[in-house]
Amino acid sequence: MTEQSSSTSEIPLIVEMRGIVKRFPGVLANDHVDFKLLHGEIHGLLGENGAGKSTLMNVLAGLYRQEVGTIFVNGVPKVFSSPRDAIKAGIGMVHQHFMLVPSQTVTENILLGLDEPRFFLRLPEYDSKIAELGERFGLKVDPRAKIWQLSVGEQQRVEILKMLYRGVDVLIMDEPTAVLAPQEIEGLFVTLRAMIAQGKSVIFISHKLQEVSAIADRVSVLRRGVCTASGVASKGVSRQELARLMVGREVVFSIDKKPSNPQGVVLEVDDIYAENDKGLPALRGVSLNVRAGEIVGVAGVAGNGQSEISQVIAGMRQCKQGQVLLNGDKVSNRTTLFGIQHGMAYVPEDRTHVGSAPNLSITDNVIMKNYRKSPISKNGLLDMKAATRLANELKTAYDIIVPSVSTPVRLLSGGNLQRVILAREISGLPAFMVAVQPTRGLDVGAIEGVQRLLLAQREAGAAVLLISEELEELLSLSDRIYVIYEGKIMGEVKVGGENADEMLVDVIGQMMTGTPLEQIQKEGAVA
Amino acid sequence: MDFTIILQAGIASGTVLLFATIGELFAERSGVMNLGVEGMMLIGAMSAFSTTIATGNPWLGVLVAMFFAGLISQIHAFIVITLQADQVVSGLSLTFLGVGISLVLGEGLSKAGTVSLLPNFSIPLLTLIPIIGKIFFTNQSVLVYFGYLLVPLSWYYINHTRPGLHLRAVGEYPSATDALGINVFRTRYFYVFIGGMLAGLAGATISLAVSPGWFSELTTGGQGWIAIGLVIFAQWDPIRAAVGAYAFGALRRLILDVQGPLLLLGFANPFYYNPYLGFFLQMLPYLFTVVVLVIGSREAMKKRIGAPAALGNPYIRGERGK
């Protein structure tokens, strides 16, 4: 445990949590955690997904009740039985998922649940009050706008305003940057600093090291429910050191991979056209191929047809024209079962609804593809003993952290759930795998685990199509990258070799915004 | 014959639909669909009539009707709010229950003769307005005038008061509302009760004012279903609900009349000369019901027509990992 002892003693503690214990069925979420918040600081709370950060802060915000431990606010012990109590004591939380009524205006949402106004709403009067408050903290938003008209960033501002209007002194932000675009993140940081300048204190929950070291004055780190660092100054600690405190081992920031040795073409996508859910054209003549023993990336800004490509390949979406060949067999516009029987593995974008059945156990989820075959299928019946045995083997092999394989998968953290899905897909020894956003929303340790599994597939000779919005991930894993823009492939680039990363990023960036590769090359030749 | 007399009667008959529609609108705004309106109206009509026979006081009849219909609505509230059962199934069974109870307790009421009814009167000065004065403000029941007041009051209440704000929030996003310390369950019970009371008032309006007497299940004749359909037509807005209710009320009157349509619309009443067409009219409530059920069970459809987002969904306090 790293403690900072001296310099902080003269600044008063606004919040102190002592020995907090919180249990959920099968999980010890917080194990005697201590947490100290100084007046007027931004305090980063770091930890992997499932480390217990949100739980600890939900206790502080009055949403959960701790089993053991005490909360002191300004030195006075407090018991919160609801978020209302916490707000009364000056502590408010902005959750990751916004709690705003879409059909109501900003002002209405802020006034919801307050005792004032008593009966008549008199909205114009409160509109101007809220506009004023927003101005003070640099939170620009039109009080008369309906929530559904606002961007995600603006909605977050409404959530912050909601807490400020209630007069909180301590604002807890749960993963506030997860939903924001880069420019919006900068805006949020400006707001948080403005709040500090006006005497508020902020707790900033995140699993992103970079952001925490950019914004926080001091940092606390949680790992598996235990506090591994408490209030260390963020200036005095390196990113590597913080990462080690988070995951308990050195995190390798660059993944080393062997040079590729691609064999014959496994997947051939030939000029496909498809529509999205709204019936609008989403794919307009996409062609690409993936060879055995290589990872091929698809880059692009979200919503340019990436989901649709993966769905057409996996057999979950009809294509209007063109075809998808897997080892020479046509798999497009056929059943998903046909694809599976021909060696297709699919790691979908939506882990909880497409990738798994949330209410079923880990065992049920891992046998979903191979239940037709021996040893799971025995004389046409399921052999649940064999299934449980398999699930336990996979649990160990893929490092799925749960008390039991009979746990419903909806209770798993994102990283564990993704490992369950990958365990199922990989254990079928696929010839081809399509993975969509496999690391989105996962923490550092889990991301690395998933990436290693994908590389292992490549080394085992499988063909992998990786669709991701994380350019860094694509560059570190892929051998080739296709860039998609508005349902068309803008071009293909090779990774590694003579191409330097900065040059690649520049070219890919141009393609992502709609410039075809030929044009870039032509202009390059002229210049 | 003056066609205004027909429209005047149409407004009175539309008042029945108005009460039932506004009542259902309140319940649905809180997120609870109650398909038991027909049953609650029958309970109201029966208890209003029988109370008035027993006591001779129609005002007491109205109060008893509202109380009993409100009471029976709480069965639905308990089933769908506390027990979190399917709202469509529970609502349908509430109609069966209401019809059953009112038929049993109303046995013999049809021969009970006449009772003293709620007073009719005209509003001085307003009657002088050409046509409108005649249709809306001349010799109408006191309940009709109450209906005129109820519409703007409901609209203002829903859109411009704090409890109205809470009502809307509960129907749109109950978990967010709960997090802000508003009791979702209590709010929903309350507005289901309001819905029941207004359905009871609608029943009392029939049996004590518009078409006095007790004619077993024909007393309401499917108007409860029309009210449920009107809520959707009105897109959960009281002003539009009033327009729909009065239009439907007028339509019901016109159809029974020979000369009215000729005077008003320029062609003879087809229903009068072809009685078979009347059967199609009688089908309307059931057609409405089918539409309501289709809409109630399709999330995408609900979103498109602007229904309260949580309509039809029980509220369950969140668990971890959801």
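Q: Is Cys319(A) buried or exposed?
A: Cys319(A) is buried in this predicted model; its relative accessible area is 6%. Cys227(A), at 9%, is buried as well.

Q: How many disulfides does the count give over all chains?
A: A disulfide requires two cysteine sulfur atoms within 2.5 Å. By this rule the total over all chains is zero.

Q: How is a pair of aromatic rings described?
A: Two quantities serve: the distance of the centres and the angle of the planes. Over all chains, the count comes to 17 aromatic pairs. In one of them, the ring centres of Phe26(B) and Tyr191(B) are 6.0 Å apart and the planes stand at 10 degrees, so the pair is stacked.

Q: Which parts of the chain does this pair link?
A: Phe26(B) belongs to helix H1 (residues 3-29) of chain B and Tyr191(B) to helix H9 (residues 184-210) of chain B; the two are 165 residues apart. Both residues are buried. They also belong to a cluster linked by ring pairs, whose members include Phe119(A), Phe120(A) and Tyr156(B).

Q: Where does the charged end of Arg334(A) sit?
A: It lies over the ring of Phe338(A), 4.2 Å from the ring centre. In chain B, the charged end of Arg240(B) sits over the ring of Phe233(B), at 5.8 Å from its centre.

Q: In what order do the four strands of the open sheet in chain A stand?
A: The order is S13-S12-S15-S16, with antiparallel pairing. Strands S13 (281-291) and S16 (329-330) of chain A each have a single partner strand, so one side of each lacks a neighbour in the sheet. Strands S12 (residues 265-275) and S15 (residues 321-326) of chain A are joined by five bridges; Leu267(A) has Leu326(A) in S15(A) as its bridge partner.

Notes. Residues are numbered from 1 along each chain as its sequence is written. Chains are lettered from A and ligands numbered from 1 in the order in which they are written. This is a predicted model: local features need pLDDT of at least 70, side-chain atom pairs count only at pLDDT 80 or more; totals for chains, interfaces and linings use all residues. Side-chain values use heavy atoms; hydrogens and water are left out. Buried means under 20% relative accessible area, exposed over 50%, partly exposed in between (1.4 Å probe, protein chains only). Two strands pair if DSSP finds at least two bridges between them. Rings of Phe, Tyr and Trp (its six-membered ring) pair if their centres lie within 6.5 Å; planes under 30 degrees apart count as stacked, over 60 as edge-to-face and the rest as tilted. A charge sits over a ring if NZ of Lys or CZ of Arg is within 6 Å of the ring centre and within 35 degrees of the ring normal.
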